[in-house]
Amino acid sequence: MPKLVIDNREVIVPEGTNVLEAAEQLGIVIPHFCYHEALGAIGSCRLCAMQFHQGPVKGLKMACMIPAQDGMVVSTTDPDAMELRSHVIEWLMTNHPHDCPVCDEGGECQLQEMTVAGGHHLRRYRGKKRTYHNQDLGPLIAHEMNRCITCYRCKRTYRDYCGGTDFGVFGSRNRVYFGRYREGRLQSPFSGNLVDVCPTGVFTDKTFRFKSRYWDLQEAPSICPHCSLGCSTVPGGRYRELQRVRSGINQETNGCFICDRGRFGYGHANHEERPRSAHVDGRVTPIDEAVAAARKRLQAIIDTDGPDSVVFLGSSRASLEANGLLATWAKQCGSRKLLFEAHHRRDLATRILATRLGERARSLEDLRNSDCLVLIGADPLAEGPMMALAARQAVRAGGQVMVIDPRPVELPCPFLHLPLPPTLLAAALEALTKGDSESFTLAQQEVLNKIREALSSAQRPILIGGTDLLGPHGTNALLDAAEKLDSEQRQIGIMALLGGPNSFGAALLAADGPDFDRLIDDLQEGSVKALVCLQNDPFREACDPAKAQVALGHLELLVCIESTPSLAAQRADILIPCRVTAETAGSFVNNEGRLQAFQPIIEPGLAVQVTGQGNHPPRQFFTETPGSAPQPDWAILASFLGLQVDLATIRHHIAGQEARFAKLPDLVAESPGYRLQLDSLPPEKNRPAEKPGTFNLPLLPVTSFVGSEWLAYLAPALQPLRPQPTVWLHPELAASLGLADNEAAILTTHLGHCHVGVHLTDKMVPDLILTHQLWGSALEGMSPGVVIDCRLEKEVSR
């Protein structure tokens, strides 16, 4: 490890560290623009000049471009270095409009900070400034090109790191322009990262524009609630309104970036219809009275019909603390009917993963460093977007990506795609291990052989599965394949895409309890009388929502603890409002088994813009904050159990109940978290494989980037990105049905009729129809991963 001296202070750094990074380790801040820890350095801004006095490099050099080496003696305060930095920052500021008072970047602008640090304070240039026309880049990103200092961070982030193709750099010399060839919405699902990387105000968050100054925001480290990857975020709020989300930094998960769903999907916290008061039989009551009423009614049912007449349903959206207390409550009542997922295929698949994953668990950082990724039944851009970005970094480093999936999967990197029906995914995994692929066509055998060869020669291979398509049988096959493909030199890693931010933690708590299909049977038989529902909506999220709604109609009592305007909340006999992730502290366990904490950002309540009708200060005064009734989900459950309503106490309680959560009391936010000690049990013997159904015309509902995830559906900022109801067909199938590309059609299933657009692609299996589950449309009843029969006919214009 190189040892060098910077400003008379010695520092030892890892091999490959540049001198700018070495200075940062000493707390020495050197002005810079083009360097970014995720992007590296290109030396374009010429601002990080240092004087190298001794060592293999001497003279005035750009610190970001010089690797740290033994014997270096470097000065950041040398007069020549300081003079050069002051000249460079003056050149960069020549054409800047100096519009800081109206710029949203004010207060967190790196240009402001580095201008002062560079020694520039007096503007001497009096000539005409270079000016540009701004572009409309869509509903999410605002463009102010006149503030640009040509650091190239935006191009390097959008095109190089994220793989976007519709944005770039034009021009030459001092007429360089960053934008699109034509105006229009940025197409990359990672476009919001332009806001974070831009050191000036060229790219700003349009949804946050002119709302608050940085120094007025309340911010805290949090975890994104929109998928199972556990990305680090930093939400910001003011006046009881969540106003923006920016990326946090966690090298084990998202690195320095997040997707647009995580960045702009915060609107559920401000949703006008979210429950903000407790209700008992439709009557507004204080929360403590609702808790007392629920406790009394549940106990009466237990006394009459026994403890198993009450079902406790947790959620992948609820914190580990809340789910843990729900498990304690079920045990205290004597009920064996505890579960955490209404989608039973996801539920069983995640439980299998939780019991068998063990040391095969891999992080997104491991994916970025892998030399071979094989995705089976996984569509990262729809189910976990930052996984797609990790796959791109693996390819940029020389790795390979291969996909086995029936869908026309898209990734921001080159990959090999083998389209197979969902019923053959498990067979494909078995073929990879046995080398026997006779049940596949010659073309399919050729691709499977390539994948098998790539896995056998890789040093850091990882298998990635999607639980929606794989289901329990496919997930077992995924884990079996990893075991059989192991060698003495290396182990095959596993990562899976799950249903929600705490799916893995919920599966650990569920153990071998009943699944939701068994609950439906019990409801129809009349043995279940009451349901306690924690941040879950079984009316809509079950594999067969129509059947679930009929069965749930037999309940005598529905107690719902909810933070969103779900159907369960609307139908609850007793509704107790709880807080969203941004309003409470807690923890999630992500898809690799990593336990991470989050902190509250704002207190619940109606935003001032609502209570004040847009005016501030408000024209009415209240004795308590309007809409402030919601409590943390774990606090509500602690009240039911008679425990002290204190997070530290609750974490100690859960750690005492479950040994694998022993470190939970020591967990802190804004840290990488820690991976739980996971079991690696053998597969359950004699588990029957799923029997494929017989369909006249099979329809496979799948998830979309926006529209299929409940919290994102509640976010107004993401509505322009929401797709229209559409079906995807192979051209061969479309021809047999008499359909053409971009035609209108009518899709008919047991759930009803829906008007859809037709899109043809040869990148999918030929004998299947695909559609998105879309909340708020006729397709919201579609359950991802569950194949159903359908009829598709051309819509006849009248």
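This is a short tour of the structure, one selection at a time.

**Stop 1: the whole protein**

Start with everything shown, and keep in mind that this is a predicted model. Turn the protein around: its C-alpha trace spans about 85 × 75 × 65 Å along the principal axes. How does the radius of gyration fit a compact globule? For 798 residues such a globule would come near 28 Å, and the protein has 28 Å, so the two agree.

Now colour by secondary structure. You will be looking at 25 helices and 35 strands. Of the contacts with a separation of 6 or more, 71% link residues 24 or more positions apart.

**Stop 2: surface and charge**

Switch on the surface. The protein exposes about 32200 Å², and carbon and sulfur atoms supply 49% of that area. Buried residues, meanwhile, make up 61% of the 798 residues.

Next, colour the charged side chains. How many are positive and how many negative? There are 78 positive and 91 negative side chains. The centres of these two sets lie 6 Å apart.

**Stop 3: strand E16, covered on both faces**

Hide the surface and select residues 310-313, which form strand E16. Before you look at its side chains, here is a useful rule: in a regular strand, side chains alternate between the two faces of the sheet. In E16, Val310 and Phe312 are on one side, while Val311 and Leu313 are on the other. Are these four side chains buried or exposed? All four are buried, so both faces of the strand are covered.

Add residues 530-534, which are strand E23. E16 and E23 pair in the parallel sense over 4 bridges, and Val310 stands opposite Ala530. Then add strand E17, residues 338-339, which runs parallel to E16 and is joined to it by 2 bridges. Here Phe312 has Leu338 as its bridge partner.

**Stop 4: a single residue, Thr285**

Select Thr285, which has its place in strand E15 (residues 283-285). Why does Thr285 count as buried? Its relative accessibility is 7%, and buried means under 20%. Now show what surrounds Thr285: setting aside neighbours within four places in sequence, its contacts are Ala278, His279, Val280 and Ala290.

**Stop 5: an open sheet of 7 strands**

For the last stop, find the sheet with the order E34-E29-E33-E30-E32-E31-E35. This sheet is open, and its pairing is mixed. As a reminder, strands of a sheet pair through backbone hydrogen bonds, either parallel or antiparallel.

Which strands stand at the edges? They are E34 (788-789) and E35 (791-794). Each of these has a single partner strand, so one side of each is left without a neighbour in the sheet.

Walk inward from E35. Strand E31 (residues 744-749) runs antiparallel to E35, and 4 bridges join the two. Click on Thr748 to find its bridge partner in E35, Arg791.

Next comes E32, residues 752-760. E31 and E32 are antiparallel and joined by 6 bridges, with Ala745 standing opposite Val756. Follow the backbone from E31 to E32 and you will trace a hairpin that joins them through 2 residues.

Finish with strand E30, residues 726-729. E30 pairs with E32 in the parallel sense over 4 bridges, and Val727 stands opposite Val758. With E32 on screen you can view both senses of pairing: antiparallel with E31 and parallel with E30.

Key: Residues numbered from 1 in each chain as written. Predicted model: local features only at pLDDT ≥ 70, side-chain atom pairs only at ≥ 80, totals over all residues. Heavy atoms only, no water. Rg over C-alpha atoms; globule rule 2.2 N^0.38 Å. Buried < 20%, exposed > 50% of the residue type's maximum accessible area, 1.4 Å probe, protein only. Contact = heavy atoms within 4.5 Å. Areas by Shrake-Rupley, 256 points an atom, 1.4 Å probe, with all protein chains shown as cover. Lys, Arg positive; Asp, Glu negative; His and termini not counted. Charge placed at Lys NZ, Arg CZ, Asp CG, Glu CD. Pairing = 2+ DSSP bridges.
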